Amino acid sequence: MFGKKTVDFSRLGDDRAETVVSATTSFTGVIKSDGLVVINGRVEGEIQTAGSLLVGKQGQVQASITAQNVAVAGTVLGNITASERLEIGSTGKVLGDIATACLVVEEGGFFNGHSRMKGLEPHRPGGLPAI
């Protein structure tokens, strides 16, 4: 019941990987995609996808990220905007600011930065959030 879990990547959608950076590959620049992006190597720069981003256990990303869903089992240094879901697995590390509608951090996962949950209106005068 309380055992270690791993990120269930199947929840990120049924799109097939359109872009893969393998464990032996380094890339510097901008990745733009409409589908699933899988990073098992090293990426520096920017990642934009209308689909999902999966950073595998060996993945090392130093980039700003914009995606529908993001799952991190490796390391991300940079800001993440996930319009639907951000999941940090038990081996995942995120160092940067995040904005998402749904955040999941598994036991052992690491996050250091500011978080902003999307979907709620800004605070009303008087300090009470809009509902």
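Author: pLDDT is the predictor's confidence in each residue, from 0 to 100. The structure above is a predicted model, so let's start there.

Reader: What is the average pLDDT of the chain?

Author: Happy to help with that one. Of the residues, 79% have a pLDDT of at least 70. Taken over the whole chain, the average is 87.

Reader: Where does pLDDT stay under 50?

Author: Where pLDDT is low, the predicted coordinates should not be read in detail. The stretch in question has three contacts beyond four places in sequence in the model. The part with pLDDT under 50 is residues 1–5.

Reader: Which strand does β8 join through seven bridges?

Author: Strand β8 covers residues 80–88, and its partner here runs parallel to it. One of the pairs puts Glu87 of β8 with Ala71. The strand joined to β8 by seven bridges is β6, residues 60–72.

Reader: Which residue stands opposite Leu86 in β11?

Author: Strand β11 spans residues 103–105 and pairs with β8 in the parallel sense, over three bridges. Opposite Leu86 in β11 stands Leu103.

Reader: And in β10, what is the bridge partner of Ile80?

Author: Three bridges also join β8 to β10, residues 98–100, and these two strands run parallel. In β10, the partner of Ile80 is Ile98.

Reader: Is Leu95 buried, partly exposed or exposed, and what is its relative accessible area?

Author: Leu95 lies in strand β9, residues 93–95. Together with Leu77 and Phe110, Leu95 makes a nonpolar surface patch of about 240 Å². Buried means under 20% relative accessible area and exposed means over 50%. Leu95 falls in between, so it counts as partly exposed, at 32%.

Definitions and conventions: Residues are numbered from 1 along each chain as its sequence is written. This is a predicted model: local features need pLDDT of at least 70, side-chain atom pairs count only at pLDDT 80 or more; totals for chains, interfaces and linings use all residues. Side-chain values use heavy atoms; hydrogens and water are left out. Patches are made of residues with over 30% relative accessible area and no salt bridge: like charges are joined within 9 Å, nonpolar side chains (Val, Leu, Ile, Met, Phe, Trp, Tyr) within 5 Å. Accessible areas come from the Shrake-Rupley method with a 1.4 Å probe; for residues, only the protein chains shown count as cover. A salt bridge is a side-chain nitrogen of Lys or Arg within 4 Å of a carboxyl oxygen of Asp or Glu. Helices (H or I, at least four residues) and strands (E, at least two) are DSSP runs, numbered from the N terminus. Buried means under 20% relative accessible area, exposed over 50%, partly exposed in between (1.4 Å probe, protein chains only). Contact means heavy atoms within 4.5 Å. Two strands pair if DSSP finds at least two bridges between them.
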